[in-house]
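Got your viewer open and a selection box ready? Let's take a walk through this protein, stop by stop.

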Amino acid sequence: VDAHRARALGIGKKTEVEMSEAKSVQVVVRLRPLNEREARGSTLPVVTASTDKSEVCICRGQGNRQLKQAFNFDRVFTSFTSQEEVFQQTFLDQGIVDDVLRGYESTVFAYGQTGTGKTFTMEGDLDSREMRGVIPRATAEIFERLTRCEWYEVKASYLEIYCEELCDLLLPLEHPDAPKLVLMEDKSKRGKGVFCHGLSESTVANEREVLDLIHFATERRKVGETKMNARSSRSHCIFTMLIETRKAGSDTLRKSKLHFVDLAGSERVKKTGVAGTLLRDARYINTSLFFLEQVIVALHERSSGKNRSHIPYRNSMMTMMLKDSLGGNCKTTMIATMSAEEFSLPETVSTCRFAQRVAQISNRLEVNEEVDPKLMIQRLKAQVVDLKQALAEARGEAGARGVEQLSAEERARCEEMVGAYVRDASDSALLEPGDMAQVQYCFHLLKARALSGGDDGAVSARGGSAKPLDKIGAALAAGTGALEIQLQQRDHEISILVSMLKKKAQAAGSEAWSQTGADASAAMSGGARAAPATHSYATVGAPP
């Protein structure tokens with residue numbers, strides 16, 4: 001019953017006419033220039049990129065036996081493309097920042113072989129305006145546009161997934177009060193989807209505060225040195241900005257999230273030459289990327305019309321976190337980074353094929369806009385105060401102002417209304433003075449006119465002053481009754497909302513379950529296998 005009444009009040013419903021639309025995942029490719037090692041070895045590039053054609057061309061063999069293979073994407077950036085151009089064409093031209101501020105959830109994730117520039121594209125050099133990545137540039141753009149909003153609040157979180165363990169990068173190491181992080185899924189109709197329970201969220205007011213958080217998190221992220229990368233990321237990281245906006249005086253909140261996902265790069269153990277802890281890290285990285293490929297293949301089969309009911313999101317923490325971004329309510333963009341050297345040709349071809357499968361996935365986009373029950377309660381309580389004041393004035397109770405408190409403008413307005421009323425001989429004439437003090441002053445003016453005989457015989461023509469006075473009295477009685485009904489309605493609505501909030505606060509957690517992840521026999525680590533791991537999740541809310 002409470003849920004039905006809440007829907008009648010508009011709680012949890014979209015406040016504008018909005019249509020759900022299907023949107024394919026946008027895929028952009030960025031080619032990394034040759035590094036110092038490759039340049040010293042006189043390595044010739046075997047991969048070329050064309051920005052005009054949005055094409056990546058891979059050349060195999062030499063002479064008459066040379067084979068060319070072309071891959072087309074939404075955007076292609078060459079090794080000469082600047083950080084500013086990547087941001088401009090990926091975020092601004094594609095409208096990602098605009099969609100986030102309109103209430104759409106968005107995700108940008110970087111994928112590619114280790115050492116191809118994923119972290120450089122996402123973060124870059126935070127201390128250099130020219131070399132900054134898409135995260136600081138998007139942050140600056142968002143805050144610049146938010147200054148034109150009447151009310152807003154921005155929070156940030158930074159999650160690391162290292163060897164299938166969750167870590168909050170915004171909390172100091174060995175934090176005594178750090179809660180255990182658990183992945184949960186809110187399946188209610190307007191729920192949060194997949195989220196990390198216990199992950200801290202820091203309120204940020206400007207770009208500088210966001211950059212400070214990223215600096216702090218970067219120092220804690222797990223990195224290691226391999227033959228292919230001096231600072232190889234050993235974990236997957238997700239930086240999230242939560243944005244809420246509201247117009248002044250409105251109880252409608254527009255909520256959105258912008259996720260930046262920096263995936264660890266795939267590795268071939270034979271090429272990276274890792275051992276010990278780094279080898280264990282590589283196994284977990286390749287396993288989780290293998291599970292990601294399983295999810296992409298399943299979604300691609302579903303979009304192709306095949307009867308694929310199960311999508312294996314829960315095989316790993318990373319795929320579970322990306323559930324809404326891949327096939328859910330989210331606008332998603334993939335940035336695929338790759339190397340142009342022949343040494344990395346198998347990984348480059350694999351990345352191109354993976355990216356083309358991702359481009360076939362369609363997401364469902366809906367604006368996340370709803371009425372906030374707490375703000376509605378505040379607005380209804382304010383209306384109750386106004387209604388009680390109006391009712392007290394209508395009844396003539398203590399606290400209502402008297403005739404002597406009327407201003408000269410209000411007195412003049414009452415005299416003008418009374419004059420117009422007595423001059424109008426029709427039965428449809430109305431006298432609507434306002435509050436009780438003005439009503440009493442209008443009665444005083446009518447009484448004076450009746451005792452003096454009226455103006456131009458208008459009162460006598462109406463049959464004396466009794467008829468208009470009776471009409472005013474009846475109107476006052478009707479108005480008092482309407483005020484009482486409105487007051488009862490507002491009190492009833494407030495009681496419903498308070499009851500709903502109490503039930504929501506008292507709702508017990510969720511139905512917990514666990515699932516043992518499959519052994520990644522096909523992990524891309526040169527035959528390396530990861531030991532089976534048990535992933536704990538929880539489900540909250542009821543399915544729609």
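What follows is a tour of a predicted model, with something to select at each stop.

**Stop 1: the core**

Start by selecting Phe73, Leu292 and Met334. These are the residues with the most contacts inside the largest nonpolar core, which has 51 residues. Now colour helix 9, residues 277–303: with seven residues, this helix gives the most to that core. If you'd like to see another one, a second, separate core has 38 residues, including Phe91, Val210, Ile243 and Phe260. As a general point, nonpolar side chains in soluble globular proteins tend to be buried together.

**Stop 2: around Met334**

Go back to Met334 and show what surrounds it. Which residues is Met334 in contact with, leaving aside its neighbours within four places in sequence? You should find Val25, Gln26, Val27 and Val28, then Phe109 and Tyr111, and finally Phe354, Ala355 and Val358.

Those last three names come back when you select helix 11: Phe354, Ala355 and Val358 are among its buried residues. The others to pick out as buried there are Leu345, Glu347, Thr348, Val349, Thr351 and Cys352. Try the distance tool too. Helix 11 covers residues 345–358, and its end C-alpha atoms are 20 Å apart; at 1.5 Å a residue, its 14 residues should span 20 Å, so the two values agree.

**Stop 3: a pocket**

Next, select Thr119, Phe120, Val223, Arg231 and Ser233. Of the 25 residues lining the second largest pocket, these are the closest to its centre. The pocket holds about 490 Å³ of space. Which elements supply at least two residues each to its lining? Look at helix 5 (118–122), helix 7 (207–220) and strand 14 (232–233). Helix 7 gives the most, with four residues. Colour the lining by residue type and you'll get seven nonpolar, twelve polar and six charged residues.

**Stop 4: two loops with positive phi**

Most residues other than glycine have a negative phi. With that in mind, select Ser54, in the loop between strand 3 (47–50) and strand 4 (55–60). Ser54 is not a glycine, yet its phi is positive, about 55°. Is Ser54 buried or exposed? Its relative accessibility is 15%, so Ser54 counts as buried, the cut-off being under 20%.

Then jump to Cys163, in the loop between strand 8 (151–162) and strand 9 (165–168). Phi of Cys163 is also positive, near 50°. Cys163 counts as buried because its relative accessibility is 13%.

**Stop 5: far in sequence**

Select Val367, in the loop between strand 18 (362–365) and strand 19 (369–371), together with Gly103. The pair is 264 residues apart in sequence, but their C-alpha atoms are 5.0 Å apart in space. Val367 has 7% relative accessibility, so it counts as buried.

For another pair, try Leu365 in strand 18 with Lys331. These two are 34 residues apart in sequence and 6.6 Å apart from C-alpha to C-alpha. Leu365 is buried, with a relative accessible area of 4%.

**Last stop: helix 14**

Finish by selecting residues 436–452, which make up helix 14. From first C-alpha to last, its 17 residues reach 24 Å, close to the 24 Å expected at 1.5 Å a residue. Its buried residues include Met436, Val439, Tyr441, Leu445 and Arg449. Step one residue past the helix and you meet Gly453, which has a positive phi near 95°.

Technical notes:
Residues are numbered from 1 along each chain as its sequence is written. This is a predicted model: local features need pLDDT of at least 70, side-chain atom pairs count only at pLDDT 80 or more; totals for chains, interfaces and linings use all residues. Side-chain values use heavy atoms; hydrogens and water are left out. The expected span of a helix is 1.5 Å times one less than its number of residues. Buried means under 20% relative accessible area, exposed over 50%, partly exposed in between (1.4 Å probe, protein chains only). A nonpolar core is a set of buried Ala, Val, Leu, Ile, Met, Phe, Trp, Tyr and Cys residues joined through side-chain atoms within 4.5 Å. Contact means heavy atoms within 4.5 Å. On a 1 Å grid over the protein atoms alone, a cavity is a set of points where a 1.4 Å probe fits but cannot get out, and a pocket is an open set with protein on both sides within 12 Å along at least five of seven lines; lining residues have an atom within 4 Å of a point. Grid points are joined across faces, edges and corners, and a volume is the space filled by probe spheres set on the points. Ala, Val, Leu, Ile, Met, Phe, Trp, Tyr, Cys and Pro count as nonpolar, Asp, Glu, Lys and Arg as charged, and the others, Gly among them, as polar.
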